[in-house]
Each structure stands twice: as structure tokens, then as C-alpha cells.
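Please open the model in your viewer and keep the selection panel at hand. The tour below goes from one selection to the next and says what is there at each stop.

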Amino acid sequence: MTILGVGVLKGLGVTLKTFLETYPWGRVLLRAVGIPSANGLVTIQYPDERQQHSERFRYFPFLVYDKTPDDLRCVSCKICEQECPPACIHIVGPAKDEQGRPLKAHGRTYPVKFDIDMAICMSCRICVDVCPFDAIEMDNQYEFASPDRFGRLVFDKQQLLKSAEYFKQIKPSEAAEVDARLAAKQAKTAPPAKPAVPPNPSSA
Amino acid sequence: MTSLDQLFVHAANTALGLLSDRLRPWASIALRIGVIAAAAPAIMMYLTLYERKVIARMQNRFGPTRVGVYGLLQPLSDGLKMLIKEDVVPRGADRLLHLIAPILAVVPAILLFAVIPFGRRMIAVDLNVGLLYVFAVSSIGSYAIFMGGWASRNKFSVLGAMRSVAQLISYEVPGVLSVVAIIMVTGTLSLTGIVEAQAGRWFVATPWGFAGCLTFFLSGVAEVNRTPFDMPEAESELVAGFHTEYSGMKFALWYMAEFLEAFAVCAFTVAFFLGGWQGPAIPFWALAGLLAAISAAAAKLPLPVRFVGALASAGAGLLWRAEPIPSWIWFLGKTYALFFVLIWFRGTFPRLRADQLMGLAWKFLLPLALVNILAAGLWSAMPFPVGTALSASLLVVSAWALVRLNHPAQLDHRTYVLAD
Amino acid sequence: MSQTELDAKLLEVNLGPQHPSTHGVFRMNVTLDGETIVKLKPVVGYLHRNHEQIGERATYIASFPFTDRLDYFCAMSNNFGLALAIEKLGGIAVSERGEYLRVIMAELTRLLNHAAVTGFLLNDMGAFGTPLLYAFREREKILDLFEAASGSRMMCNYVRPGGVRQDVPPGWLDQARRLVEEFPRFLDEFEALLTENEIIRQRTQRVGILPKELAVNASATGPLLRGSGVNYDIRKVDGYSIYPRFSFKVPLGTVGDVYDRYYVRILEMRESLKILQQALKEINDASPAISPKGLALVKAPRTFRPPKGEAYGRIEAPKGELGFYLVSDGTPQPYRYHIRAPSFINLTILEDMCLGQKVADAIIILGSIDIVMGEVDR
């Protein structure tokens with residue numbers, strides 16, 4: 001039978017060790033009595049320092065454009081709008097002229113309006129998974145707190161547009177994958193010199 | 001060194017000396033009241049910071065760092081926040097009692113400060129019945145708690161208040177009994193007298209003093225509702241216990257009462273058992289030798305550093321003889337160290353259940369305190385080695401017996417099957 | 001007359017829905033005699049989010065992010081459960097590496113869940129958050145791994161029918177191995193803080209005893225059931241995924257009280273570490289993270305129309321048996337989508353465990369059941 005009180009003292013020992021580990025002199029003291037100790041302070045002083053996020057860290061989606069902001073990859077096929085689990089994407093498009101023929105920019109149709117309600121978006125990345133054109137990607141910016149739920153948290157097309165360069169910068173390996181995929185697609189579709197069409201869903 | 005030791009006393013005397021003879025007694029009273037009324041909230045505010053910092057460090061956190069350097073202004077900002085917060089009184093509450101209760105809780109807590117011997121001759125009122133005064137005043141708090149719980153018209157508050165009253169009354173008994181031994185040995189009820197009686201040896205170094213110190217401190221912790229005995233406010237069960245329905249400054253007053261009482265418990269434990277304002281009665285050569293040995297043993301350091309360290313500590317040992325540390329620093333240092341233990345408990349332990357808490361008071365601490373009185377009698381009646389040995393063995397045997405009697409088969413060590 | 005006198009002694013207290021230790025918005029309608037509980041009625045439903053109905057209008061893939069939010073501590077294993085059901089329904093093969101990654105993720109989830117739950121249990125007992133913060137300190141390390149693999153710390157949305165959505169980034173496995181190596185040190189520290197502590201033993205031993213028969217009859221699962229000494233672990237019973245390849249034990253309690261549940265969780269963490277060690281050693285670098293059919297499913301969710309029929313996929317989630325029941329009518333959306341939530345079913349025996357105990361015990365019994373309201377109310 002163990003002596004009553006030993007367990008309590010053990011617990012006190014653990015907390016005291018942690019207490020000492022958070023101070024440099026405490027670590028010296030611990031090492032002097034032969035207890036290995038690492039820096040015990042694990043919290044991050046948030047506004048002063050920020051957590052290093054991994055490359056895949058995802059927050060809200062954004063729309064990728066290639067060179068100029070009107071050269072966006074989105075063709076307004078509305079697959080993401082349909083598949084978005086919380087239904088936070090609202091697309092009006094593709095843009096049409098008066099006769100109802102689709103307008104094209106850089107050989108592609110484009111959306112008139114592309115809104116994402118960030119208050120509803122749950123950062124699930126399904127829109128990225130389903131996009132056949134790699135036109136939408138996940139951003140890693142996360143400081144969007146706002147007291148204005150309907151004004152500032154509904155992002156329109158202008159706010160969502162970010163360059164492919166930016167994408168390459170925040171997610172180099174993912175961007176490389178996407179680029180390779182797009183290049184392969186271009187190579188395949190280049191001979192007939194037609195813009196990429198959405199793949200027939202039944203072929204997948 | 002006496003000048004530093006008596007710094008505050010001299011300052012007060014000088015200030016009072018400027019006044020006419022007729023005014024002096026009144027001014028003296030006003031000064032004492034003023035100092036305590038100003039010091040108590042200040043002490044409380046920084047105790048909150050102390051607690052938050054220490055617990056944070058025990059949990060791998062920084063604690064408050066934002067307001068001021070090292071968060072030193074945090075208590076002020078908390079105080080301001082409390083002041084400007086809305087004061088909510090629940091519908092159907094007894095408004096008058098709801099208002100009086102926190103005030104009634106704070107007043108005795110501050111009154112306790114009147115008899116704390118902060119240093120040599122640094123005591124506001126050296127009552128010759130100081131010890132009785134301490135217990136009389138500190139038990140008023142339970143009225144306040146029950147009043148607040150009842151007036152809130154909230155079931156959680158009432159439950160918390162009922163627990164609190166039961167707990168306070170139960171722990172008062174072993175608390176009082178544990179200091180009976182001191183009265184027997186010193187023959188005085190005055191706190192100054194008790195501290196002075198410990199000049200050669202702190203009472204904690206005697207067998208009965210050790211047991212008494214533990215009993216007194218534990219029951220004190222229970223009386224001020226600190227972990228692991230924080231039943232009345234049991235956050236996880238009773239939301240906040242008796243102060244569930246308090247907000248703003250009234251809530252701050254509850255908090256203040258709690259912290260001041262906790263501080264007072266530490267202070268009285270120091271005064272009764274840990275030598276009060278006196279430094280440890282260690283011969284200076286022993287201290288110097290110890291320090292020198294430590295610095296020599298720090299083998300990781302280069303030799304010259306070790307040599308200098310040894311010289312410095314030998315010097316420190318010589319200096320020690322001159323009592324360089326003022327008495328009030330000794331007292332406050334010991335009190336804060338003891339308060340660290342309180343925080344340490346809070347950072348480590350969960351709380352006991354209400355009935356287990358009562359069991360601890362009535363079935364363990366109370367008999368132990370009674371036996372302790374006998375042990376103190378043996379100690380003082382017999383010559384040195386015999387008395388000490390007898391009282392020590394009496395205490396050990398009775399503690400063991402109490403544990404065995406109380407300790408049902410409930411705490412078992414179990415073996416677990418690892419099935420496939 | 002005597003009846004009224006008797007009633008007047010009883011105090012009815014609502015613990016919750018706003019209460020510090022009801023683990024979310026849960027209400028216990030407690031009738032007290034002094035401090036002793038004579039009646040307890042759990043009230044659930046405050047967090048109902050229509051998850052099952054949403055699952056019936058969404059495609060199979062679109063339900064994954066919602067399962068993250070069921071038991072928000074264990075997003076990975078929730079994903080895993082749904083993936084199993086869909087695989088059964090659609091007859092999708094799983095890639096070898098995908099299987100390993102899923103098992104690794106599920107066991108990491110078990111580690112973080114059990115550590116955190118023990119911390120919460122101690123919070124319910126009145127500890128000032130220290131064990132919880134120690135657990136969260138380690139949990140953060142696991143969440144870092146989840147973030148590196150899936151992009152999100154808690155709402156991972158990572159497992160997919162056929163494997164996992166994306167292979168782990170380079171260096172991830174080494175990081176995981178390091179974590180598995182270091183985790184026992186945390187467990188030892190945790191146990192030094194808790195296991196032998198007299199106060200904790202006093203509070204938890206012989207409290208909230210759940211007899212074996214009652215546990216089985218109430219279809220309790222998970223550590224709650226095993227704490228009562230019933231040897232039932234779906235990883236062993238079903239042998240789903242690649243669990244039969246690993247050697248691990250199922251820790252069983254003897255008394256069935258809160259302490260047993262606590263300690264069974266600690267031991268399960270140690271067993272999980274064993275599984276992780278084996279999985280991280282054996283994982284095959286060659287095969288893809290997701291099988292070809294699974295990949296197609298991800299890219300075009302509407303093309304996945306499983307044949308008419310039903311499937312029930314279940315896993316040993318950290319909280320117990322997590323089952324997903326799917327009925328397909330041949331359309332891209334399931335005809336019926338039902339979740340057997342372990343938190344909810346384990347919660348049903350709360351009253352039986354609490355009767356005759358004190359209020360303080362009810363709180364820790366609730367804590368020891370380990371519920372997450374997101375899963376209870378769905």
C-alpha cells in the first residue's frame with residue numbers, strides 16, 4: 001500500500017516543474033538537479049507574433065487570374081455553386097451580350113458576378129476539389145473579423161480576385177501541380193485550337 | 001540595520017511628532033486606519049496578478065502581459081473594468097441584503113489586517129486577545145456569504161451559501177484547536193507575544209508545531225474557500241456559487257474579501273508557526289558554509305567564478321549575522337511564499353466533494369488537532385529529547401491510525417485487463 | 001398533505017443549457033434532495049442543425065465537411081466513418097497508402113480526444129484548467145500535423161472514399177514519428193499529475209458505477225462500455241480497414257466507475273501509440289493516397305450514383321461506435337442518411353449512473369461519458 005499523500009505530492013511536483021520550465025533561471029535550476037527541461041512557454045503572443053502555418057493551411061477561397069485581372073480562369077460553369085455544401089457561393093453569369101451570346105475574355109466565358117459569403121463559408125475546400133479549371137483556390141489569409149456581417153463579409157468578384165503569382169507564392173507546391181495540370185490540358189487541347197471545355201461529367 | 005527595519009515605524013513617529021499632543025492619539029488612529037485601508041486593496045489587487053501569473057506559468061502560459069510592463073497595470077485595468085460594469089440585481093432579489101452582503105464580507109477581511117504583525121513593532125493594534133479577535137472576526141464572513149447567497153434568489157447561490165456555512169463552521173473547529181497548543185506553550189494571546197516566543201525556534205520545527213501548522217493552514221484554506229476546498233463557489237457545479245448573481249463592483253468586493261482572507265490566512269500561519277517577522281535562527285557560519293558548499297558544488301561553472309561565488313557567499317554569511325533583512329521583508333516574504341503554495345494547490349488540484357470535505361474536517365483534522373494539544377503538553381512538560389520524541393511518535397501514530405480508520409476500501413489500486 | 005411536505009424538501013435545479021460544465025448546450029433537469037440527486041432528466045436538442053436532412057439533399061462528398069462538425073474534436077475519424085459507409089455502398093476499393101494514412105489519422109484523433117477529455121473531466125472536478133491545458137498543449141502538436149496534411153486544424157475534411165484527399169506532404173511522416181516518440185513522455189507526466197492523486201481517486205472511485213449488464217443493454221460503446229469491463233472494440237470485432245494487421249490490446253476496466261473510464265482512456269492512448277508506431281513503420285510509399293475510382297468521385301461528385309441499396313459503415317471513434325447508415329436510391333444524393341452518434345447513445349444512461357449521487361458527481365459522470373453536443377444533437 002502506498003502512503004497517502006504521495007500522489008498529491010507527485011502532482012505538485014509536475015506543476016512546479018512546469019512553472020520552473022517557463023523561466024530561464026528555473027530551467028538552469030532544473031538542469032542543476034538533473035531534470036531535463038525545455039522551454040515551457042508554448043503560447044504565442046498573437047498580435048506580436050503569428051503562428052507559422054503549413055503550406056496547405058486553408059481559409060477562404062479566392063479566384064485566380066493569370067496575368068491581368070480580367071483574365072480569370074473561371075468560366076462561370078457554376079459547378080462550385082452547385083456543390084458548395086453550405087451554399088455560400090453566388091454566381092451570376094456567364095456574361096452575355098444583348099443577343100444572348102456568351103461574351104468572352106481571353107477566349108473564355110466569365111462570370112458577371114461572383115460573390116462568396118464568408119460568414120457562411122466553412123473552408124471545406126470542396127469548391128477547389130470540384131473546379132475543373134483550377135480557377136478557385138484556398139487562401140491562407142484569416143484576419144477578416146468585422147462587425148458588419150452583411151457588408152464586409154460578402155466578398156464580390158473584385159475582392160476575390162488574386163493573381164496566379166500570389167497563389168504560387170503562398171502555396172508553391174500546389175501551384176506547381178496546378179500549373180502542370182493546366183499545361184497538360186493545354187497541350188491536349190492545343191492542336192484543335194479550341195478553348196478548354198468542361199469535361200463531360202459522365203466520362204469521369 | 002535597525003533603521004531599515006524600523007523604517008515605517010520611525011516615519012510614522014516622525015510624522016506624528018509634528019502634531020500637537022492633543023491631536024496625536026487621534027492622528028495615530030487615523031494613520032493606522034488609513035494605512036490598512038489603503039494597503040489592503042493594493043495587496044488584493046496584486047495578489048490577483050500574482051495568482052494569474054503563477055497559474056499561467058504552471059500551465060505553460062505567459063499570464064497577463066499586455067497592460068503595462070509584465071502586465072503590472074493589469075489589476076488597475078481590472079478594477080476599472082469592474083467599476084464601470086453594469087450592476088445587475090436579479091428580479092425578486094432582496095436588494096438591500098444583496099448590497100450589504102459583499103460589504104459585510106470585505107469589512108472583517110480588512111479588520112483582520114489590524115492585528116497582523118507585519119514587522120517588529122509594526123502592528124496596527126497589539127491586542128492582548130489578538131488570537132481570539134482573529135477567530136471572532138474571521139467567522140463573520142460566513143454571515144456575509146449566506147446573506148449574499150440568500151439575497152440573490154438563485155438556487156445555485158443558495159446551494160453555494162449552504163455549503164459555505166457548513167464548511168466554515170466545520171473548519172473553524174480544527175483551526176481554533178490547532179492554535180490552542182500555541183497558547184499553552186507561549187501563555188499569551190497576543191500575536192506579538194507569539195511571534196517573539198519563536199525567537200530561538202520556529203514552532204513549525206517542533207512536532208506539535210508541524211502538525212498544528214498543517215492543520216491550521218489546511219483549515220484556513222478551507223475557510224477562505226480556496227482549491228481544493230472551494231466548494232461554495234464550485235464553478236463546474238454551481239456556476240459561481242454564492243456570487244453567481246453578482247456583477248461589477250459588488251463582485252469585485254467578493255473577490256477582494258476572498259483574496260484578503262486568503263492573504264490573512266497565510267499571514268497568520270506565518271505569525272503562529274513560521275516565526276513571524278523573524279529570520280530563520282540559523283548560526284551564520286552554517287549558512288555561510290552551506291552557501292559556499294552550494295557554489296563550490298556548481299561544478300559546471302569555471303573555477304574563478306566558483307571561487308568568487310564562494311567568497312561572496314562567505315561574505316554573505318558574515319553579513320547575515322548583522323540581520324540585514326528587515327523584519328517586514330521577512331514577514332511579507334514568508335507570507336507571499338505561503339500564498340504561492342495556495343496558488344500552487346489551485347494550479348494542481350481538483351476540488352473535493354462537499355461530503356468528503358466535511359469528512360476531512362470532522363474525521364481527520366479535528367481528532368488530529370485534539371491529539372496535537374496532548375502532544376504539545378507532552379513536549380512542554382518533558383525534558384528536551386524525551387518530550388520531542390514522545391510527542392512526535394504520538395502524532396505519527398495517531399495520524400496513521402486516523403488514516404487507517406478513515407480510509408475505507410475506497411481508494412484502491414486497480415489492475416486493468418488488456419484484452420485481445 | 002404529507003406528499004406536499006415531502007415535495008417541499010426537493011429542489012429542482014436546471015444545470016444548463018448555460019452552465020460552465022455541461023460541455024456545450026446541454027441541460028440536466030436535476031431534482032435534488034439536499035445535494036443528492038433523486039431525479040435527473042437530460043434535455044438535448046439545443047444544437048440541432050439538421051445534419052441528417054442536409055446530408056440527404058447534398059451529394060455524398062458534400063457531407064464530409066459536415067461530419068467534421070459532428071464531433072468537432074475528432075473530425076478525422078468522423079470522415080473515416082462516412083468514407084467507410086460510402087465505400088461499402090459504392091463498392092470502392094481503397095488504396096494501400098490511403099488505408100494507412102486513415103488509420104494514422106484516426107489514432108492521432110484518439111490521442112487528442114482522450115487527452116482533451118481527461119482534461120475536461122478534471123476541469124469538471126474543479127481543477128483550474130491545468131490538466132486541460134497540458135492536454136491542449138499536446139493536442140496542438142497533433143493539430144499541427146492535421147493542418148500540414150489537410151490544411152485545417154479541426155475541420156479537416158480529409159478522408160475520402162477510396163483513400164485520403166491528398167497525400168501527406170514530404171516530411172510529414174517523420175514529424176508524426178517524432179510526435180509518437182515524444183507522446184509517452186507527456187502521458188507519463190499526465191499520469192504523475194493525475195493517476196495516483198488521492199483527491200482525484202477520492203472523487204472518481206466508486207462514483208457513477210455503470211454495471212456491465214446495463215451498459216450492454218443501453219448499447220453503450222467506447223471507453224464507457226470498456227470501462228465497465230465489456231470487451232467490445234469495433235477495431236477488433238469488425239476488423240475494418242487494416243486494423244487486423246496491427247497488434248494491440250483492448251484495456252478493460254473492472255468496476256465501471258469514473259476512475260475506470262479515465263484510466264481506460266489513458267491505456268487506450270498507450271495502445272494507440274502502439275498502432276501508430278506499427279503503422280508509421282509499415283506505411284508503403286509506393287501506392288497512391290487515393291484509389292482511381294475514389295479520385296474520380298472527388299472531382300465530380302454528381303457522377304457518383306451508387307447502386308440502389310443500403311450500407312452501414314461503423315468505426316471505433318474515440319467516443320464509441322460511430323456508425324453511418326446510408327440508403328441509396330441510385331441518385332447522387334443518399335435517400336436516407338443516418339448517424340449513430342456514440343455521444344448521444346452513451347448519454348442515455350446518464351440518469352441511471354447519477355441517481356443517488358451528489359450534484360458534484362453528476363458533473364463528473366457527465367464529463368466521464370465524454371460527449372460533444374455537436375454529435376448529440378446533430
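Contact, as the word is used here, means heavy atoms within 4.5 Å. By that rule, 55 residues of chain C are in contact with 39 residues of chain B, and these two chains are the ones to select at the start. The model is a predicted one, in which local features need pLDDT of at least 70 and side-chain atom pairs count only at pLDDT 80 or more, while totals for chains, interfaces and linings use all residues. Residues are numbered from 1 along each chain as its sequence is written, chains are lettered from A and ligands numbered from 1 in the order in which they are written, and side-chain values use heavy atoms, with hydrogens and water left out.

**Chain C against chain B**

With both chains shown, about 4,100 Å² is buried between chain C and chain B, 57% of it on carbon and sulfur atoms; buried area is the accessible area (1.4 Å probe) that two parts lose on being put together, summed over both. Select Phe128(C), Ile199(C) and Gln202(C) next, since no other three residues supply more of the area that chain C buries against chain B, their part being 16%.

Now pick Arg353(B) and Asp361(C), which form a salt bridge whose closest N and O atoms are 2.9 Å apart; the term stands for a side-chain nitrogen of Lys or Arg within 4 Å of a carboxyl oxygen of Asp or Glu. One salt bridge is counted between chain C and chain B.

Colour the helices and strands, which are DSSP runs numbered from the N terminus (helices H or I, at least four residues; strands E, at least two). On the side of chain C that touches chain B, the elements that each supply at least two residues include α5 (96-125), α6 (130-150) and α12 (258-282) of chain C. That side divides into 25 nonpolar, 14 polar and 16 charged residues, where Ala, Val, Leu, Ile, Met, Phe, Trp, Tyr, Cys and Pro count as nonpolar, Asp, Glu, Lys and Arg as charged, and the others, Gly among them, as polar.

Which residue stands opposite Leu252(C) in β6(C)? Select Val417(B), which takes that place, and then widen the view to strand β1 (residues 417-419) of chain B, which pairs with β6(C) in the antiparallel sense over three bridges; two strands pair if DSSP finds at least two bridges between them.

**Chain B against chain A**

Hide chain C and bring in chain A, where the contact takes 20 residues from chain B and 21 residues from chain A. The area buried between chain B and chain A is about 1,900 Å², and carbon and sulfur atoms give 66% of it. Among the residues of chain B, select Arg57(B), Asn60(B) and Phe62(B), which lose the most area to chain A and together make up 35% of what that side buries. Then select Arg66(B) and Asp48(A), whose side chains meet in a salt bridge at 3.1 Å, N to O.

**Within chain A**

Stay with chain A and select Arg108(A) and Asp71(A), whose side chains meet in a salt bridge at 2.6 Å, N to O. This pair links distant parts of the chain, 37 residues apart, with Arg108(A) in strand β4 (residues 108-109) and Asp71(A) in the loop between β1 (61-65) and α3 (79-83) of chain A.
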